[in-house]
Amino acid sequence: MALVDARDDDYTVSFIRKSVVKATATIPEPYVLTLSNLDLLSGRFPVTYFYIYHKEKHNSSSASIADELRKSLANCLSHFYPFAGRIISNTETHEPEIVCDNTGALFLEAQSSNSLKELDLYNLNKCLEGKLVPTNQEFPVQVQLTNYKCGGIIITFTFDHALGDASSFSKFLLMWSQIARKKSLSFSPDHRRHLLRARNPPIYNPSFDESFISCSLHDIHNISTPRTLVKRLYYIDASSIDMLQKIVSIDGTKRTKIEAFSAYIWKIMVKAIDKGHKKCKMGWLVDGRTRICTYNEKVTENYIGNALSIAVGEASVSEIDQALLSDVAKKVHNAISKVTSAEHFLDLIDWIEWNKPGLMLSKIVLGQGRPAIVVSSGRRFPVTEVDFGFGSPVLGTVYSTIKKLGVGYINQRQGAKGDGSWTVSAILWPDMIEALESDSNHVFQPMTSNHLKL
């Protein structure tokens, strides 16, 4: 793969070096790790996270930072050995599988022509689009270290979704940073994907046929996107989150911050969709860890792989528009509650078993049943903890390199300041962006360098 500099009217990113980092410690002999049924639900989308580090928080040279990152990454891959493997298609089932052969992770170094404070962080299309080396299918883990004129750096981490979900990737980054700082490891990753095997015989509620669908990688790459989707980054003050939670928590019932936040988005959403739509949907990713128990073995929070389902709420546009915010929050709560049981996840695993071979996807994610927005909560995803020895980041969030999405997407992360504020990455249609930003409550504030004190 040749490195080609990325240019636009504002600045240039020059790619100066690439290397392959392999696990250093002894790992199991090369073997094939069969993906679990819930891995087949991942869609194989690339998942990218980016973290910004200020110059004041480190005095190291870019070369020494790169060297230390590679060394600690090699050590981390010894614990996360599937992440150093290859993802190939099984010749018989045509399903993806991980060959754990220590092919390694791709590590790239780049230099930007501008400083961090010059970045338009609000407009992610402009800020990062084309500034990352395209995903290399040979390496399911790809890291890019970009140095800026001011001495600050941005590190992006891109993972193949077949490796795991946000919880898995958060564990990877957490362990990597602990190794880099020579700290004691706080957990041991659990790679036993057989824990999520189907029951014998598999059995599921017929309602799953209405929510999920069997599809191919071609279908996923060619998702119908009827509108232009734009990528934006927002700052949400803790006071706004507390205000929303207070409004929806009535009659002695306390709603979660995500339930309050989702209710607010749903209310805004009905004002930003075409008048011809009578109904609309919201979706929420739900983690099955600590909920799933198969064959008397419980899936712990250290499980590495995909363990997600999706809750979907549907309502008429007029119902959401006329309802009190607290009533919408109740609807959100009820929708999410339906998929938090062990039985739901066991049924989902069995539904996938019945519909194999192939990949599976939620119909809402594939674009069936629009208009819809999916909310992903990253409240447990590490931000300040992702310190590789040169200081904590001033921002950590998710960035999507996906060209086509069948649904609007909002991802929430804790702010790096630890003051209760949120960083929210959004992929939405222009009318929804305008509705959020023009709302009189000013909950969504376009992210600027001032928020990060760059």
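In this predicted model, R86 has V99 of β6 as its bridge partner. This contact belongs to a wider match between two strands: β5 and β6, the latter covering residues 96–100, pair in the antiparallel sense over 4 bridges. In general, the strands of a sheet are held in register through backbone hydrogen bonds, and the pairing may be parallel or antiparallel.

Stepping back from this pair, an open sheet of 3 strands comes into view, with the order β3-β6-β5 and antiparallel pairing. The edges are taken by β3 (31–34) and β5 (86–89); each has a single partner strand, so one side of each is left without a neighbour in the sheet. On average, neighbouring strands of this sheet are turned by 40° against each other, with direction ignored.

Attention now turns to the empty space in the model. Such space can be found by rolling a probe the size of a water molecule over the atoms. The count comes to 2 cavities of 30 Å³ or more.

The largest cavity has a volume of about 50 Å³. Its lining is made up of L124, K231, V398, Y399, S400, Y409, S425 and I427. Two elements, β18 (395–399) and β20 (422–428), give two or more residues each to this lining. By class, the residues around the largest cavity divide into 5 nonpolar, 2 polar and 1 charged.

The second largest cavity has a volume of about 30 Å³. Around this cavity stand V13, L128, K131, L132, Q144, T146, Y148, I154 and T156. Here the elements that contribute two or more lining residues are β8 (141–147) and β9 (153–160). The lining of the second largest cavity has 5 nonpolar, 3 polar and 1 charged residues.

Pockets, too, deserve a look, and the second largest one brings back some of these elements. The second largest pocket has a volume of about 670 Å³. Its lining counts 31 residues, and P46, T135, Q137, T401 and I402 are those that lie nearest its centre. At least two lining residues are supplied by each of β4 (46–53), β8, β9 and α5 (217–221). The largest share, 4 residues, comes from β9. Thus β8 and β9 help to line the second largest pocket, and both also give residues to the lining of the second largest cavity. By class, the lining of this pocket has 13 nonpolar, 12 polar and 6 charged residues.

Terms used: Residues numbered from 1 in each chain as written. Predicted model: local features only at pLDDT ≥ 70, side-chain atom pairs only at ≥ 80, totals over all residues. Heavy atoms only, no water. 1 Å grid on protein atoms, 1.4 Å probe; cavity = no way out; pocket = protein on both sides within 12 Å on 5 of 7 lines; lining within 4 Å. Points joined across faces, edges and corners; volume = space filled by probe spheres on them. Nonpolar A, V, L, I, M, F, W, Y, C, P; charged D, E, K, R; others polar. Pairing = 2+ DSSP bridges. Axes fitted to C-alpha atoms, helices over the stretch in contact; angles between N-to-C directions.
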